[in-house]
Amino acid sequence: MAARASACPGLLNIVPTRDGGLCRIRLPGGVLRAPQAHALARAAARCASGVIEATNRANLQIRGVRVGAEDDLIDALLAAGLGPADGAGSLDARDGVRNVMLSPLAGRDAQAVLDMRPLAAQLLAVLQHTPEFAALSPKFCVLLDGGEALVARDHPHDIWLAAVTDQARGTQLAVGLAGCPADLDHGAQPVAVVAPQYALELVAALLHSFLKLAQPGQHRMRDVLADHGVATLIQQAQQRCNFALDARPDPAHGLRKPSATHLRMGIHAQAHTPDAPALYYLGAQWPLGRISAAGLQQLADASDGVLHFTPWQGVLAPDLTAARAQQLQTQWQALGLLTDAANPLAQLIACAGSSGCNRALADVKADALRLAGLLDVPRAVHLSGCVRSCAAAHCAPWTLLALAPDQYDLYQYNGAAGFGAPLATSITLAQAAQMLNAQPINPD
Ligand code: SF4
């Protein structure tokens, strides 16, 4: 059985970094209620540096936790209902298994085939109540793609389920392993198709089979597949299922384009019934995913009770009338949130960099701010302080990999594994900007 990795930050597992402890708060479905936002922000200001980051799994993390203030922080977060539910295993293990991703518009997206929220709630409960699942790595993640226009289907996951409409059988779920539904370049294909009522049983069977096959040091699905192959895993999962698994799905099932960038930001229509008034959502991002404790409190005050965090280090407010959406957009902009994908900062991502991480070879956060001022048009560029690539769950069109302060290698994604093809090595940020400005603009 896979040994549980412990280097991953969590609510109870505060990991030391260059700027203090790092505490990650998992938000089921990305949802944070206003009282929780206030409690989290107060705790971050009292026990840490007050810097909060949105993550690419729609979670939040508190940076700069002071030595000696960890218990105070943990108690405050648990009291706000931000910890795991009652269940099996330690609090820390139950916290770590809560990695179920779904669209921030689940249940509200006009293009969706299936509302994945009920399955997400059931799966979260099973993950926390099954003693064996406490052995899953805190990085192990399941994606539930309901067919929404806005879903992180280009982020690799250990298991993904994507709702499809099958002419003969109606709504089905294509199931894939160690990849993502939009991973066309790597030939990711579904390995099975299942009716929605069997999805929970199948995921549980896949998790049990994964844990049975995993050797010490193997924490992710790709590790087990490399040793045993898909057929063995599916065979073992079938033995645990009380239904016949269709392991010959249409290869095209589940394969879709990544969500368009502009849908994450600004005002867009959402699903509504014909006899109800039109509803809208507002999406936004913080520059480079960072917000202050005071900023989070102001955001909670300005919004309507519930914040939906997104896998693009952003936030979304759904169920707005047209007038309220316009009003809220003005308020959010005044708080410093970016609501326009045409803002050069909106498409740049950067990890903590040398101000927060001992491994970083450059201050990539500061360099990303500088790069925004040097680019002629917005470009999706990922600045990484080292090869670990913490800030990007997906492959960005361009990557600047730090070698030293103001020294980078520039890559262009070409479908190959890793960052892509090297375009230049050991260049300054200004040289990188010049090269990027000469490139065709982002496809979207
Ligand atoms: S990518 Fe490297 S430098 Fe950046 S936060 Fe991760 S480990 Fe640190």
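**View 1. Open sheet with mixed pairing.** In this predicted model, an open sheet of 5 strands has mixed pairing and the order 6-7-8-9-10. Helices (H or I, at least four residues) and strands (E, at least two) are DSSP runs numbered from the N terminus, and two strands pair if DSSP finds at least two bridges between them. Strand 6 (100-102) and strand 10 (192-194) are the edge strands, and each pairs on one side only. Direction ignored, neighbouring strands of this sheet are turned by 25° against each other on average. Residues are numbered from 1 along each chain as its sequence is written, and side-chain values use heavy atoms, with hydrogens and water left out. Because the model is predicted, local features need pLDDT of at least 70 and side-chain atom pairs count only at pLDDT 80 or more, whereas totals for chains, interfaces and linings use all residues.

**View 2. Strand 6, strand 7 and the helices on the mixed sheet.** Strand 6 and strand 7 (residues 142-145) run parallel and are joined by 3 bridges. Met 101 stands opposite Leu 143 in strand 7. Helix 4 (residues 117-129) packs on the sheet and touches strand 6, strand 7, strand 8 (157-166) and strand 9 (170-179), contact meaning heavy atoms within 4.5 Å. The direction of helix 4 makes about 170° with that of strand 6. Axes are lines fitted to C-alpha atoms, for helices over the stretch in contact, and angles run from 0 to 180 degrees between N-to-C directions. Helix 5 (residues 199-213) lies across strand 8, strand 9 and strand 10, running at about 155° to strand 8.

**View 3. Helix 5 against helix 6.** The axes of helix 5 and helix 6 (residues 221-240) cross at roughly 130° and come within 8 Å. Helix 5 is therefore oblique to helix 6; angles under 35 degrees count as roughly parallel, over 145 as roughly antiparallel, 65 to 115 as roughly perpendicular and the rest as oblique. Helix 5 passes helix 6 in a right-handed crossing (right-handed if the near helix is turned clockwise from the far one by less than a right angle, left-handed if anticlockwise). Helix 5 contributes Glu 201, Ala 205, Leu 206, His 208, Ser 209, Phe 210, Lys 212 and Leu 213 to the contact, and among the residues of helix 6 are Met 221, Val 224, His 228 and Arg 240. By class, the residues of this contact of helix 5 with helix 6 divide into 9 nonpolar, 5 polar and 3 charged. Ala, Val, Leu, Ile, Met, Phe, Trp, Tyr, Cys and Pro count as nonpolar, Asp, Glu, Lys and Arg as charged, and the others, Gly among them, as polar.

**View 4. Open antiparallel sheet with helix 1.** A sheet of 5 strands, also open, has antiparallel pairing and the order 3-14-15-12-11. Strand 3 (31-33) and strand 11 (266-269) stand at the edges with a single partner strand each, so one side of each is left without a neighbour in the sheet. The twist averages 30° from one strand to the next. Strand 12 (residues 280-285) and strand 15 (residues 314-320) pair in the antiparallel sense over 5 bridges, and Gln 285 stands opposite Gly 314 in strand 15. Helix 1 (residues 34-47) packs on the sheet, where it touches strand 3 and strand 14 (306-310). The direction of helix 1 makes about 85° with that of strand 3.

**View 5. Helix 1 against helix 2.** Helix 1 and helix 2 (residues 70-79) pack at an angle of about 175°, with their axes 9 Å apart. Helix 1 is therefore roughly antiparallel to helix 2. Leu 40, Ala 43, Ala 44, Arg 46 and Cys 47 in helix 1 meet Asp 72, Leu 73, Ala 76 and Leu 77 in helix 2. The contact of helix 1 with helix 2 has 7 nonpolar, no polar and 2 charged residues.

**View 6. Helix 9 against helix 10.** An angle of about 45° separates helix 9 (residues 364-374) and helix 10 (residues 429-437), which pack with their axes 10 Å apart. The crossing of helix 9 and helix 10 is right-handed.
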